[in-house]
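Me: I'm new to this one and would like some help reading it. Could we go through a few features together?

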Amino acid sequence: MSGQDVIPVAEGGTGPVKIGDEVDRIDGRAKVTGQARYAAEHVTPDMLFGVVVNAGVARGRILSLNLDEALAVPGVVDVLWHGRRPAIARRDACYRDEDSPPGSPFKPLLGDEVFFSGQPIALVVAQTFEAARYAASLVRASCRTSLHDTHLLENLRDAHEAAGDEGPPGPVGDGDTAFESSPVKVDVQFHNGVEHHNPLEMHASTVLFDADGGLVVYDKTQGPINSRDVICKVFGLKPEQVVVRNPFVGGAFGSGLRPQYQLLLAVMAALHLKQPVRVVLTRQQMFTFGHRPEAWQRVKLGADSDGKLRAIVHEAVEETSRFEDFSERVVDWSGRLYRCGNIRLSHRLVDLDRYTPLDMRAPGATHGSFALEVAMDELAYAVGMDPLALRLKNYAERDPASGRPFSSKQLRACYEQGAERFGWSRRDPRPRSLREGSELVGWGMATGIWEASQQSAQVSATLQPDGRLELCSAASDIGTGTYTALCVVAAEAMGLPLEQVTFRLGDSSLPNAPLEGGSSHLATLGSAVAGVCDELRRKLWSMARTMQGSPFRRSNRSAEVAFADGQMRWRQADGSAAREGDGAVAITELLAWSGGQPVQARFELRPDGKTQGRHASATHSAVFCEVRVDEDFGTVRVTRVVSAVAAGRIVNAKAARSQVIGGVVWGIGQALHEETHTDHRLGRFMNHNLSEYHVAVNADVHDIDVLFVREDDRVVSRIGAKGVGEIGILGVAAAISNAIFHATGRRLRTTPMTPDKVM
Ligand code: MOS
């Protein structure tokens with residue numbers, strides 16, 4: 001099966017590129033022409049199709065499943081459930097994965113207990129998808145139900161600390177006492193509804209067999225090694241018996257950090273039936289695994305009458321399941337954004353009869369920064385200050401929580417350039433001061449912050465005699481532009497045209513790479529690529545020193561040479577390559593001279609923990625927005641957004657801007673539309689489809705302007721980049737809420753801010 005995945009490559013004639021250029025996605029054409037195949041698009045003639053049956057109760061025990069009707073459907077091969085579970089999935093196996101929170105991961109089909117509505121309780125396997133789907137609708141479960149509880153707000157008093165988690169940073173000073181004695185006080189509570197992942201590509205796993213009987217699994221995941229390792233643990237297989245691939249992923253942003261249940265069910269069925277099996281979840285079933293958790297928050301801000309912050313107290317309570325303590329960083333950001341001598345942060349959990357929540361783009365920070373940044377706007381009005389001036393007044397030059405310097409922080413430039421672009425200085429602060437036609441117009445702003453980090457990774461590289469450079473690593477591209485960005489870094493380092501560079505990723509048998517998550521993939525893999533290119537250049541340099549007639553025979557340091565236009569040249573004082581005339585060797589010439597063999601290199605990136613540990617590192621943004629509110633209908637239109645982002649060096653300016661635009665669009669959805677409603681009598685999410693769970697669409701999106709301020713952070717990564725995966729969504733919902741206040745005089749402290757709340 002190997003070799004059939006498209007390896008993206010830039011169009012012929014693209015030529016040389018530099019970090020910071022606007023580069024078209026090299027995988028774009030393969031994706032829009034259908035050549036890029038996703039997890040559910042790998043088919044063999046003997047493939048079987050699995051369809052999942054989900055529980056209809058929120059808590060209880062399965063007494064029996066009536067399978068008579070299902071098994072009678074022509075084409076149905078088997079129905080797997082715990083009552084006839086193949087012995088291959090080991091009950092005592094560890095199901096934990098790299099992203100598991102503390103607790104005992106859910107084990108599909110391993111017992112009769114139902115933990116949440118929508119829990120997978122059977123897999124119908126048939127020769128066609130249609131037969132499996134029809135038969136799945138005929139499976140009748142008989143369950144004994146127990147009392148369930150899915151209500152966060154009614155259980156706040158029972159909230160507990162998260163197990164196995166160090167929790168938010170400890171207190172600075174005495175937040176509560178300082179708050180009480182502050183001349184100006186804001187004390188407000190917030191609620192954030194449940195959101196579900198709705199990437200374009202549904203979660204799917206296709207299990208194939210290679211010639212030796214090993215498994216080749218196409219899985220929708222953000223990390224093929226993580227999926228492989230879980231398969232090996234659960235089914236007692238060795239790593240060399242399983243390859244997991246995800247060369248193309250149709251969106252994920254957290255939903256693919258943990259292997260989802262369809263993966264284990266597909267592997268179970270394939271091993272049991274000894275045939276290829278594919279399991280695809282339906283859109284409705286995408287609402288049965290993990291979600292952005294519901295949150296309750298309280299923020300207390302104390303300040304002097306000139307706006308100087310005296311106290312920040314931020315408490316949050318979120319839901320988790322009864323079997324795992326999912327704990328995201330909600331309140332931590334409130335200790336990192338503003339200079340303040342008294343800070344207290346707390347984060348606790350309530351156990352509910354729902355599946356364990358799951359990371360979703362900027363997990364924790366989206367909720368936390370919404371609360372903090374709305375509260376800051378309230379404080380600005382309480383002290384009679386411009387909201388932007390209040391933030392500048394309390395600007396933190398060092399990380400308030402740890403006292404460490406920032407490795408880089410150009411947030412001030414974000415504020416200044418964003419405000420300039422938006423025209424913020426023309427804002428009349430009075431609520432309800434601007435009306436156009438039937439709509440009230442409001443302007444609001446907020447700050448965004450997200451962590452900037454780096455992980456370990458390995459990359460290998462092969463420079464072919466014809467000058468093509470092939471890199472590989474078990475990295476992922478979940479649609480974020482990894483392929484392109486990594487090829488840009490390599491093309492610049494080696495002085496090769498972009499179309500001569502390819503990156504193979506999305507395969508667990510390639511050199512180690514972490515999950516694509518936490519906005520750290522570029523800082524990680526980009527640095528590893530830079531490292532492997534160093535190795536290659538050193539090798540080429542030492543070859544050139546021995547080459548007959550080479551101008552580099554007298555070179556005694558590899559740093560004396562530079563690579564440009566497919567050639568090795570003398571390096572000039574400014575680091576650039578000298579002009580060709582001063583002596584140059586074409587890489588192809590060098591490789592031909594040395595025998596026409598490829599040159600190989602391998603590099604392992606280990607983050608410099610010492611230097612990184614001495615700093616606080618974060619990406620920042622300033623978001624400005626304009627809303628138009630129709631009070632009769634309660635509708636809100638976000639007509640203009642300026643997002644000014646500081647995220648280190650930008651590698652591919654085009655993809656980075658797209659990332660931030662995408663984040664803003666999701667922020668609009670989060671602010672105004674996205675919410676999964678629970679019927680607490682049934683303990684079930686009710687609006688589990690795109691007609692009732694509204695994600696922002698073109699009609700909701702107007703003018704979005706993204707600017708990147710100049711920043712370069714060689715602590716976070718040697719290429720100076722921090723990553724932009726999550727920063728785009730942050731601050732958006734708060735800026736919208738603040739703009740709605742400016743438009744209407746009404747303060748909204750819940751997401752989503754639907755028309756019933758606006759009216
Ligand atoms: Mo992201 S929520 O780390 O995929």
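Me: In which sense do β12 and strand β13 (residues 309–320) pair, and over how many bridges?

Reply: Keep in mind that this is a predicted model. Follow the two strands along their bridges: β12 and β13 pair in the antiparallel sense, over 9 bridges. For one such pair, look at Ala 303, whose bridge partner in β13 is Leu 309.

Me: What do β12 and β13 form, and how many residues sit between them?

Reply: They form a hairpin, with 5 residues between the two strands. In the turn you'll find Gly 307, which has a positive phi of about 95°.

Me: Which other strand pairs with β12 over 9 bridges?

Reply: That's strand β7 (residues 184–192), again in the antiparallel sense. Here Phe 190 stands opposite Gln 297 in β12.

Me: Why is strand β12 (residues 295–303) largely enclosed by the rest of the structure?

Reply: Count its buried residues: 8 of the 9 are buried, so β12 is largely enclosed. As for side chains, in a regular strand they alternate between the two faces of the sheet.

Me: On to helix α7 (residues 365–383): how many Å should its 19 residues span?

Reply: Use 1.5 Å a residue: the expected span is 27 Å, and the end C-alpha atoms of α7 are 26 Å apart, which agrees. The helix is mostly covered, with 16 of its 19 residues buried. Just after α7, Gly 384 takes a positive phi of about 70°.

Me: What is the mean pLDDT of the protein?

Reply: Where pLDDT is low, the predicted coordinates should not be read in detail. In this model the mean is 96, and 99% of the residues reach 70 or more. For the complex, the predictor gives an ipTM of 0.95 and a pTM of 0.97.

Key. Residues are numbered from 1 along each chain as its sequence is written. This is a predicted model: local features need pLDDT of at least 70, side-chain atom pairs count only at pLDDT 80 or more; totals for chains, interfaces and linings use all residues. pLDDT is the predictor's confidence in each residue, from 0 to 100. A residue is buried if 20 or more other C-beta atoms lie within 10 Å of its own, exposed if 12 or fewer, and partly exposed in between; C-beta atoms are placed from the backbone. Helices (H or I, at least four residues) and strands (E, at least two) are DSSP runs, numbered from the N terminus. Two strands pair if DSSP finds at least two bridges between them. The expected span of a helix is 1.5 Å times one less than its number of residues.
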